[in-house]
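Notebook open, structure about to go up on the screen. I want to jot down what I look up as I go.

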Amino acid sequence: MTDPKKNIEVNTNRDTFNSKLGFILACVGSAVGMGNIWLFPYRVGQFGGAAFLIPYIICVVIIGFSGVVGEMAFGRAMGTGPLGSFRKAVTMRGKKYGDVIGLIPVLGSLAVAIGYSVVVGWILRFFVGSITNSMLSAENSGAYFGELASSFGSIPWHLLGLALTFGIMIFGVAKGIEKVNKFMMPAFFILFIILAIRVMMLDGALEGYKYLFMPKWEYLWNPTTWVYALGQAFFSLSLAGSGTIVYGSYLKKSEDVISSAKSVAFFDTCAGMLAALVVIPAVFSFGLDPAAGPPLMFITMPEVFKQMPMGQLFAIIFFLAVLFAGVTSLMNLFETPIEALQEKFKFSRGASVAIIAAVAVCVGVMIENGDTVGTWMDIVSIYVIPLGALLAGIMFFWVCGSKFAREQAQIGREKEIGRWFEPMTKYVFCGLTILVYILGIFYGGIG
């Protein structure tokens with residue numbers, strides 16, 4: 001079927017989310033990940049506590065009202081992922097080879113997913129280790145993690161994590177991704193609320209709350225604080241020109257993308273704050289380092305649980321919640337290349353999942369090392385992911401044009417979009433995306 005007004009092919013047989021709630025939870029699931037659980041608490045403490053929250057929330061509001069809206073509306077308008085969306089966008093201008101440009105965010109999403117799947121394997125191992133008590137009985141948490149993160153140290157867990165993820169995805173959007181996110185995301189929030197309540201009762205937790213909420217106002221006037229707040233907001237909302245476009249392409253025309261984007265930004269921020277309310281006070285309570293960065297998850301927190309009354313129970317809850325966050329993010333990342341194979345080559349869902357699973361296993365095993373995974377993720381997140389987001393913004397707001405972008409964002413919304421839309425999307429969002437990309441290249445990543 002072709003839309004005669006815009007000469008855009010529309011796939012009327014495309015799988016869709018059954019409900020707005022399912023769509024929002026899927027998008028929240030894609031956004032809530034490791035960046036919320038260890039990086040957000042670290043950044044808040046690093047840049048002046050509450051003083052960091054002010055620029056962060058400002059940046060979330062700006063990006064939430066433009067970038068997330070844009071990617072959702074772009075995917076829904078074109079009825080396909082970045083490969084097809086980019087092709088259709090340049091076709092509207094009488095040009096060709098848009099799908100070649102669209103390959104950048106597709107490959108970026110696949111590359112991040114491959115690296116992320118190794119981390120999900122680690123999480124799965126720690127979750128099982130919490131149940132068997134092998135993690136807590138280890139004398140040295142650093143050595144326990146180091147053995148897992150060594151070359152080929154976690155292949156069984158890595159493969160099990162991939163099997164779990166692809167086992168869900170093979171059922172499709174409504175029966176697989178949507179159904180699982182409807183369980184995993186509420187469960188994630190409930191489990192972290194339980195942890196936050198327990199941590200509140202620990203001796204010394206008050207110092208952690210002071211660390212989080214006592215603003216050091218001098219940081220607010222430091223440009224670096226704003227730069228890192230921008231980067232944290234940008235990457236936390238899963239803006240990459242890939243997964244959000246794909247999920248948007250599964251969204252029904254009757255749904256309001258602006259309302260959905262607000263919900264995603266709100267719950268993603270709540271997830272970060274919940275993680276901070278668990279991690280920082282717990283770390284302070286036992287005199288550990290809150291600025292440990294990546295080791296916070298796999299070395300510092302296990303040390304906390306070793307010293308905490310009923311530590312095994314709360315370790316199980318913690319790593320189960322983290323596992324839910326990891327799997328929902330991984331599904332979003334893998335959905336982009338899976339959808340691309342379905343769109344470009346008309347492969348079946350099963351065949352597309354099988355091909356991407358084979359690629360993920362082959363490449364993932366080769367980078368099965370803590371240092372290699374870190375380098376791999378840094379390269380992709382600094383050079384490929386922001387570029388994908390920038391290209392998506394340019395395609396929708398500039399190539400398709402502001403009038404088309406407004407029309408598509410307005411679909412399903414009763415209240416007319418305000419005058420803020422064009423300047424905020426076309427200039428502010430695209431400008432901020434360029435800034436994030438440049439800063440990432442010169443400063444080694446700000447997310």
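Below are my entries, grouped by topic.

**Entry: what I am looking at**

I am working from a predicted model. I kept to local features with pLDDT of at least 70.

**Entry: α5 against α6**

How do α5 and α6 pack? I looked up the axes: helix α5 (residues 82-91) and helix α6 (residues 98-132) pack at an angle of about 150 degrees, and their axes are 7 Å apart. I noted the crossing of α5 and α6 as right-handed.

Next I went through the residues that meet. From α5 I have Pro82, Leu83, Phe86, Arg87 and Val90. Facing them in α6 I have Gly98, Asp99, Ile101, Gly102, Leu103, Pro105 and Val106. By type, the residues of this contact split into 8 nonpolar, 2 polar and 2 charged.

**Entry: Leu83**

I picked one residue of α5 for a closer look, Leu83. Buried or exposed? Leu83 has a relative accessible area of 7%, so I put it down as buried, the cut-off being under 20%.

Leaving aside neighbours within four places in sequence, I find Leu83 in contact with Asp99, Gly102, Leu103 and Val106, and also with Ala340, Glu343 and Lys344. I also checked the distance to Ala149: Leu83 and Ala149 are 66 residues apart in sequence and 34 Å apart in space, C-alpha to C-alpha.

**Entry: Asn369**

I met Ala149 again when I turned to Asn369, as Asn369 touches Ala149, Ser150 and Ser151, not counting residues up to four places away in sequence. Asn369 sits in the loop between α17 and α18. Its relative accessible area is 18%, so Asn369 goes down as buried. I took one long-range distance too: from Asn369 to Ser236 I get 25 Å, C-alpha to C-alpha, with the two positions 133 residues apart in sequence.

**Entry: positive phi**

A quick reminder to myself: most residues other than glycine have a negative phi. I wrote down two residues that go the other way.

Asn133 has phi near 75 degrees, a positive value. I place Asn133 in the loop between α6 and α7 (134-137). At a relative accessible area of 28%, Asn133 is partly exposed.

Lys346 has phi near 60 degrees, also positive. I place Lys346 in the loop between α16 (311-345) and α17 (349-366). With a relative accessible area of 67%, Lys346 is exposed.

**Entry: cysteines**

How many disulfides does the structure hold? I get 0. Cys270 is in no disulfide, and the nearest cysteine sulfur, that of Cys27, is 16 Å away. The cut-off for a sulfur pair is within 2.5 Å, so Cys270 and Cys27 do not qualify.

I checked accessibility as well. Cys270 counts as partly exposed at 26%, while Cys362 is exposed, with a relative accessible area of 51%.

**Entry: aromatic pairs**

My count of aromatic pairs comes to 34. I opened one of them, Trp398 with Tyr427. Stacked or edge-to-face? The ring centres are 5.6 Å apart and the planes stand at 90 degrees, so I logged the pair as edge-to-face. The pair links distant parts of the chain: Trp398 belongs to helix α18 (residues 370-399) and Tyr427 to helix α20 (residues 421-443), 29 residues apart. I also noted Trp398 as partly exposed, at 35% relative accessibility.

Note on methods: Residues are numbered from 1 along each chain as its sequence is written. This is a predicted model: local features need pLDDT of at least 70, side-chain atom pairs count only at pLDDT 80 or more; totals for chains, interfaces and linings use all residues. Side-chain values use heavy atoms; hydrogens and water are left out. Axes are lines fitted to C-alpha atoms, for helices over the stretch in contact, and angles run from 0 to 180 degrees between N-to-C directions. Helices (H or I, at least four residues) and strands (E, at least two) are DSSP runs, numbered from the N terminus. A crossing is left-handed if the near helix is turned anticlockwise from the far one by less than a right angle, and right-handed if clockwise. Contact means heavy atoms within 4.5 Å. Ala, Val, Leu, Ile, Met, Phe, Trp, Tyr, Cys and Pro count as nonpolar, Asp, Glu, Lys and Arg as charged, and the others, Gly among them, as polar. Buried means under 20% relative accessible area, exposed over 50%, partly exposed in between (1.4 Å probe, protein chains only). Rings of Phe, Tyr and Trp (its six-membered ring) pair if their centres lie within 6.5 Å; planes under 30 degrees apart count as stacked, over 60 as edge-to-face and the rest as tilted.
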